[in-house]
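Please find below my notes on the model, set out as numbered points. They follow the backbone and the ligand surroundings in turn.

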Amino acid sequence: MKDKQVLPDVQPKKSGISRRSFLKTVTGTAAGIGISQMFNPALIQALEKGLERHPVIWIQGQGCTGCSVSLLNSVDPSIADILLKVISLQFHPTVGACEGELAMKHVYEVAREYEGRFSFAIEGAIPVAENGKYCILGEIDHKEISMMDMVQELAPMAGSVLAIGTCAAYGGIPAAKGNVTGATGVMDFFKTKNITTPVVNIPGCPPHPDWIVGSIVHLLENGIPELDYDGRPKLFFGNNIHDNCPRLDDYDEAFMAMSLSDPNGCRMDVGCKGPDTYADCYKRKWNSGMNWCVNNAVCIGCVEPGFPDAMSPFYEPAY
Ligand code: FSX
Ligand code: SF4
Ligand code: SF4
């Protein structure tokens, strides 16, 4: 059963990057940008000894697939290395080669085979209105399986759950005003169903690929990372954007001069939500360190519970 995979099981040696260089890229990425703490010597030794690829079942509900696209854009390490050396992606609706009833059956077979040992990645919110009918993932023996059903059945069997993206973590855009589908985040859903499997929230609309990859590696080697009050790894979401923003001097100057409506380089006047937002974008940056929101726009607080309603309108100054 172990070699039964939805995705082709390409051998790691064909990937063109050795385990050692994979480690180098992971730790290299970490240097100076905040994830170095997690890649401690013990972890590196453990990885060098050989990391068993960890089974992951990834499902998508109410989202835009941006979270998956963000992960697929992981450059350092590459998505190929993540798939070939770190995880064994047993099911993914967008990139999986298998679909229909066969894929649905495979999901349940994997969950049974790896019960208590697989990670269940949930992308998108869970619609609970009308008994979950707003999101049907597939069917087995002519019985429709809703996202709600699948989460309810598989989450208790998983070793851990990753709520990928703000929609999965807190409801996000699908749960915004006008939500007729009962869109709900994973932890809130678990409370209503008494599901106790540990959850790691990896918010962001979409989340940074490093946040996803780093959380998975931490989970495999050191267990559940230390989480903040909102269930996010402190490693990535422990610091306030505003307190660390390169434009903070402009803000302070404007604040002292009581002229926040004209704060020079600071974006407070056009609605920056950095003061209410906890994430490491200010140092990690996006697109392989090329840029980040506050550099040419504003932070809209995409990693926070209540996003987008609590941060809207995005252009409105917070003062
Ligand atoms: Fe949500 Fe994922 Fe925002 Fe989209 O699917 S976190 S809408 S970027 O990508 O769930
Ligand atoms: Fe704070 Fe935003 Fe101004 Fe930066 S641009 S100092 S995060 S309000
Ligand atoms: Fe989200 Fe703000 Fe980070 Fe941009 S800077 S990705 S809006 S948390």
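1. Proline 308 is placed in the segment after helix H13 (293–296), and in this predicted model the peptide bond that leads into it from phenylalanine 307 is cis, with omega near 5 degrees. Most peptide bonds are trans, which is the reason for listing this one at the outset.

2. A cis peptide bond also joins cysteine 205 and proline 206, where omega is about 5 degrees. Proline 206 belongs to the loop between strand S9 (199–202) and H9, and Cys205 is itself among the residues that come nearest to ligand 1, so that anyone preparing this site for calculation will meet the cis bond and the ligand shell together.3. Proline 207 is found in that loop between S9 and H9 as well, and it counts as buried because its relative accessibility is 0%, where the limit for buried is under 20%. Its C-alpha lies 6.9 Å from that of serine 70, although 137 residues separate proline 207 and serine 70 in sequence.

4. Helix H9 (residues 209–222) follows, with 14 residues and a reach of 19 Å from its first C-alpha to its last, which is close to the 20 Å expected at 1.5 Å a residue. The helix is mostly covered, since 11 of its 14 residues are buried. The buried residues are Pro209, Asp210, Trp211, Ile212, Val213, Gly214, Ser215, Ile216, Val217, His218 and Leu219. In an α-helix there are 3.6 residues a turn, so residues three or four places apart point the same way. In H9, however, the buried residues form an unbroken run from Pro209 to Leu219. Just after H9, glycine 223 takes a positive phi of about 85 degrees.

5. Arginine 232 has its place in the loop between H9 and helix H10 (234–237). Is this arginine 232 buried or exposed? It counts as buried, because its relative accessibility is 2%. Two partners of its side chain can be named: the backbone oxygen of valine 303, which the side chain of arginine 232 reaches at 3.0 Å, and the side chain of glutamate 304, with which the side chain of arginine 232 makes a polar contact of 3.0 Å.

6. Two residues other than glycine deserve a check of their backbone angles, given that most such residues have a negative phi. Threonine 65 has a positive phi of about 75 degrees and is found in the loop between strand S1 (54–60) and H3; with a relative accessible area of 24%, threonine 65 is partly exposed. Histidine 142 has a phi near 65 degrees, again a positive value, and lies in the loop between strand S5 (136–140) and strand S6 (143–146). Because its relative accessibility is 74%, histidine 142 counts as exposed.

7. Threonine 65 appears again at ligand 1, where one of its backbone N or O atoms lies 2.9 Å from an oxygen atom of the ligand. A backbone N or O atom of cysteine 67 lies 2.8 Å from an oxygen atom of ligand 1, and the side chain of glutamate 123 brings an N or O atom to 2.6 Å from an oxygen atom of the ligand. The elements that give two or more residues to this shell are helix H3 (66–72) and helix H7 (165–170), and H7 gives the most, with 3 residues.

8. The shell around ligand 1 holds 13 residues, of which Cys64, Cys67, Glu123, Cys167 and Cys205 come nearest. By class, the shell around ligand 1 divides into 5 nonpolar, 7 polar and 1 charged.

9. Ligand 2 sits in the largest cavity. The residues around ligand 2 are His242, Cys245, Arg247, Leu248, Tyr251, Cys266, Arg267, Cys272, Gly274, Pro275 and Val294, and its shell comprises 7 nonpolar, 2 polar and 2 charged residues.

10. Around ligand 3 stand Ile241, Thr277, Cys281, Trp286, Trp292, Cys293, Cys299, Ile300, Gly301, Cys302 and Val303. The shell of ligand 3 divides into 9 nonpolar and 2 polar residues, with no charged residue. Val303 thus belongs to the surroundings of ligand 3, while the backbone oxygen of valine 303 is also the atom that the side chain of arginine 232 reaches.

Key. Residues numbered from 1 in each chain as written. Chains lettered and ligands numbered in written order. Predicted model: local features only at pLDDT ≥ 70, side-chain atom pairs only at ≥ 80, totals over all residues. Heavy atoms only, no water. Near = heavy atom within 4 Å. 1 Å grid on protein atoms, 1.4 Å probe; cavity = no way out; pocket = protein on both sides within 12 Å on 5 of 7 lines; lining within 4 Å. Sits in = over half its atoms within 2 Å of the grid points. Nonpolar A, V, L, I, M, F, W, Y, C, P; charged D, E, K, R; others polar. Polar contact = N/O pair within 3.5 Å; in protein donor to acceptor, adjacent residues only side chain to side chain. Helix = DSSP H or I, 4+ residues; strand = E, 2+ residues; numbered from the N terminus. Expected span 1.5 Å × (residues − 1). Buried < 20%, exposed > 50% of the residue type's maximum accessible area, 1.4 Å probe, protein only.
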